[in-house]
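Below is a short report on one multi-chain protein model. It moves from a single residue out to whole chains and then to aromatic rings.

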Amino acid sequence: MEKRMVTGILVFSLLAVFFFFSIFQLHPFGEPGQVQMDDYIITHTQNETGTNNGVTSVVFDYRGFDTLGEATILFSAVAGVLLIFRRVRH
Amino acid sequence: MTKIVRTTANILFPFTLIFGLYVIAHGHLTPGGGFQGGAIVASGCALLLVAYGSPWMFNCIKDTRLATFESLGAIGFITIAFLGLVFSAVFFGNFLTGSGSLFGTTPATGSTLSDFNTGGVLPLMNFAVGVKVIAGLFVIVLVMAYASSSKEWD
Amino acid sequence: MFTLESGSGFWNPILWILVFVIIFLLFYGIRGFGKSAYKKGTEQTKVFLSGNKEPSPEEMHVKASNLYWGFTTSMKSLYSVLRNMHTGNTSDYILWFVLVLVVLFLILGVM
Amino acid sequence: MIEYLPFIAVVAMILIGLYAVVFRRNLIKMVIGISIIESGVNLFLIMLGYREGGVAPIFTSLPSGTTYPGEMVLPVPQALTLTSIVIGVAVLALMLSLVMHIYRKYGTLDVQKIRRLKE
Amino acid sequence: MTILEALLQHSPALIIATPLLSAFLLPLVSRIHAKVRDVFALVMLGVTSCFVGLLASDVLSHGPRIYIFGAQNLHVPLVRILFEVDSMGIFMALITMMLAIIAVIYSWSFLHQEDGLDKYYTLLLLVVTSALGMELTGDIFNFFVFLEISCIASCALIAFWVTEGEALEAAFKYIVVSSVGALFVLFAIGIFYAQYNALNIATLAHLLQFTFLDKIALVILLVSLGMKAGLAPMHMWLPDSYGRAPPSIVLIIMSATLASFYGILRVVFTVYGNVLTTSLRFSLPVHVVIGWILIALAIVSILIGVIMALIQTDLLRLIGYAAVAEIGYMFLAIGTSIAALGTSYATVALHGGVLHILNDAIDIGLLFLVAGAIYYVTKKRSLDDISGLARNMKFTTVFFLIGLLAVAGMPPLNGFTSKFLIYESVYQLNPILSIIALLGSILLLAVFIKVLYAAFLGPELPELQDVKEAPKSMLLAMGLLAGFAICIGLFPNLLLDTLVKPAASALMDHAQYISMVIGGL
């Protein structure tokens, strides 16, 4: 148990060090680096998808297939919960 | 639960329902959409569940019926995608935009007032996803609550 | 169609099967030279354990956990390490994941 | 340094969640840990899309004088986060129902005792 | 445009949409009759495999295909999700459909007196959909979505026998492990998005410079997908899940596992394809480092898998450890082909690895089906309690012998054809590696000889006097897999030339994958 604790602390500290190194390579908060895809969406959402809501246009039109997968995930979760809580014949 | 809680739930439930349906219906104009509004309505149903207890709710509405409703929502969603394949020759095609018909008007670019009749197939998809999320989240909560309250679980 | 080339060598199943069949026929021919006085259902087919009666199936049954006893006992040290590694604990699975993650971070990070 | 503070929060949330998953012995606390990791990742995604002083990418009664796309936050990370949140809900529901059944079968929530499958 | 052309043009979407729609419809269909439900699931999978075959025949002859969701043609920037189907993806899709159809046929009589079967078939179709989506998609966030679908649906299926506490425990372990892995994958996707503001795989591969963040993302993707693929020392969830799920489900979970293995191939060969030859510190190229990392993990997988399999008494769990060893062989071949990038034997190693994906699916699947048949007739899991089954289960014994020889790499069965290529190519990289691989195969043979002796040979126990042969449909499923094993073993080049070599060249040729999207602008 002790060995596991020591290993965990060592590993977690190393992981924290690497993550902190990595996040300082990112663009600072509030100034995204390249924005060509999002600017295209913002400028074209009204005349391409006919909606005023950029996020909905992304969710249901530009990336609608992801939303289908998302609905599938909810569907599979419901099916799984109903499968786990089914009444098992004895 | 006590009578106070039940009365409060009775009063609050319609407002929650209306608010959730509003969020679903205006998903293409204001923040929100099918998932958010569906979650709101499902939370309202969960409020009733807490107030009245799961056995009562389970007698009112069966989980199989809710699951059927959820399947219907999912089928409606994928059917709209297939209609895009039929009418605009591409899966998930937005075939209603600019077609002047239902939800077919294209808003002017820039800041506009809210015109409900826009968005192409997006309001329909919002509706289908809303039905799906209401039924799905509520059936999850209902089944878990009923299973934990039934006798065989002690 | 049959020959499988691998740069340095090749493998041909048809050749292999041919050799197999030839060897089988050879042994079958040798078997033909044996005595043909064997009859089913007579004393010949009974089990003879120097006069003792045949033990029951439960007594004859060698359990699977006793197979390879020598191998497992000779490698007891290795198996103790591996058994300690395979704790059925869910947290340890994630700990192994984080451990490998950090090791690869070190390898690719210093490079 | 200060403009990197949100990312530091993300890393802290991910590490806290991993700590809960690895070192807490209660199954419910492990589930909470996974939810914390997921919230950290969602926070990371949503922060990638923020523009300094931007408004939501919604044109309905947009404040007049807003120059877009310059003054609007990016919509794609919000959509990805929406998807990720629903995924988190589904995973949470399934995990909690499994925990209920496990408590029913094993009579405990201690992860050290729920190890019939080992070696 | 004829009907066939239209179907071909839309087949990438229909391959996903058909099983998805049938999964949504199945709760309604199962209200009619149980038989209708079973036939419906099989027919829908058959229709899907028709689409897969149609697409495969086109992709193998005319090169990769692109399908854009919601738009007619590409335009920069790539805001929409698109499917990019090349030979490798379609090869994996064929494997998935084979496993799915055989699992459905097997389930007919294996689970006929269980209840909750409508949910069972729904989730089965959902896992198949997710595996197909992971294999065909060209968008990395879409890959994550399908990964999560496979996690959730597989977890629910592992817990199918809810009356056993061990099944619930295995399902909980599976979902904890796979959701943590999937969340880290999402973190890596966020890193990509933050740098390049793109989610399309080809665009990412086009824009990628090997910065520090890309190293972090590469490590996270490798480790998370490796954990999903059952790479040691993160393999411990795999014997638990495989050993406690219904054996017909194991085939489906295995298709999802192979799909995440395909994800590793896609990440290393395509996303990082441009930067594989850039040299790091100590003038070491990237591909050497990654290749040797994969080789080290693969050797650990092979050894741990076979050595732990040797002491198991639960038959299904034993085969699960053998599956870990087989995964190790795939990673060994892939690591060799990455470490020795550009040499002649790297291509041979890649051929062996890609062919071994199919062989692993066939061999381990066949053994699991045989173990399921034994469990079906005896209702016993432990090898200590069964003996002398060969007297009453002749066909099952023959199928087990075929699976034994195939998984141990014995000629002339399919396991040998891929392991032969792997040994020959790994030997040229480093002889010791191929010696270890051979040792692993020998130990696998020993493991399954033990199973053969304990389960099929030996005296006939009195409580097993009246066991019957497995039902027809189970025998049919096992016979199909055994037939595949023999055919691939006898005519390896038939498969190698038609499917495997195009798939391997499609993996190696990342420039074509990128230019299919970037060049089309």
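## A threonine between two chains

T67(A) sits in helix α4 of chain A, residues 64-84. Helices (H or I, at least four residues) and strands (E, at least two) are DSSP runs, numbered from the N terminus. The model is predicted, so local features need pLDDT of at least 70, side-chain atom pairs count only at pLDDT 80 or more, and totals for chains, interfaces and linings use all residues. Residues are numbered from 1 along each chain as its sequence is written, chains are lettered from A and ligands numbered from 1 in the order in which they are written, and side-chain values use heavy atoms, with hydrogens and water left out.

Is T67(A) buried or exposed? T67(A) is buried, at a relative accessible area of 1%. Buried means under 20% relative accessible area, exposed over 50%, and partly exposed in between (1.4 Å probe, protein chains only). Which residues does T67(A) contact, leaving aside neighbours within four places in sequence? They are V59(A), F60(A), F35(B) and F77(B). Contact here means heavy atoms within 4.5 Å.

## Chains A and B

Chain A has four helices and zero strands. Its elements run α-α-α-α from the N terminus on. The radius of gyration of chain A is 23 Å, well over the 12 Å that the globule rule gives for 90 residues, so chain A is more spread out than a compact globule. That radius is taken over C-alpha atoms, and the globule rule is 2.2 Å times the number of residues to the power 0.38.

Chain B has five helices and zero strands. From the N terminus on, the order is α-α-α-α-α. Chain B has a radius of gyration of 19 Å, well over the 15 Å from the globule rule for 154 residues, so this chain too is more spread out than a compact globule.

The table sets out values for the two chains. Spans are for the C-alpha trace along the principal axes. Accessible areas come from the Shrake-Rupley method with a 1.4 Å probe; for residues, only the protein chains shown count as cover.

| Chain | Span | Buried residues | Exposed area | Share from carbon and sulfur |
|---|---|---|---|---|
| Chain A | about 65 × 55 × 15 Å | 66% of 90 residues | about 3200 Å² | 65% |
| Chain B | about 60 × 30 × 20 Å | 51% of 154 residues | about 6800 Å² | 73% |

Now the charges. Chain A carries 6 positive and 8 negative side chains, and the centres of the two sets lie 30 Å apart. Chain B carries 6 positive and 5 negative side chains, with 11 Å between the two centres. Lys and Arg count as positive and Asp and Glu as negative; His and the chain ends are not counted. Each charge is placed at NZ of Lys, CZ of Arg, CG of Asp or CD of Glu.

Within chain B, take the contacts between residues at least 6 apart in sequence: 64% of them join residues at least 24 apart.

## Which chains touch

Nine pairs of chains touch, and chains C and E share the most contacts among them. No contact joins chain B and chain C. Their closest C-alpha atoms lie 24 Å apart.

## Aromatic pairs

A pair of aromatic rings is described by the distance of the centres and the angle of the planes. Rings of Phe, Tyr and Trp (its six-membered ring) pair if their centres lie within 6.5 Å; planes under 30 degrees apart count as stacked, over 60 as edge-to-face and the rest as tilted. How many aromatic pairs does this rule give over all chains? The count is 45.

One of them is W11(C) with F416(E): the ring centres are 4.6 Å apart and the planes at 65°, so the pair is edge-to-face. W11(C) lies in strand β2 (residues 9-11) of chain C and F416(E) in helix α15 (residues 414-429) of chain E, so the pair joins two chains. Both residues, W11(C) and F416(E), are buried.

F69(E) and F83(E) have ring centres 5.0 Å apart and planes at 80°, so this pair is edge-to-face. F69(E) lies in the loop between β1 (65-68) and β2 (82-85) of chain E, and F83(E) in strand β2 of chain E, so the pair ties together parts that are 14 residues apart in sequence. F69(E) and F83(E) are buried.

Ring pairs also link a cluster, whose members include F60(A), F77(B), F69(E) and F83(E).

## A leucine in chain E

L124(E) belongs to helix α4 (residues 117-136) of chain E. L124(E) is buried, with a relative accessible area of 0%. Not counting residues up to four places away in sequence, L124(E) touches L45(E), V104(E), L157(E), I249(E) and I252(E). L124(E) and I249(E) are 125 residues apart in sequence, yet 7.7 Å apart in space, C-alpha to C-alpha.
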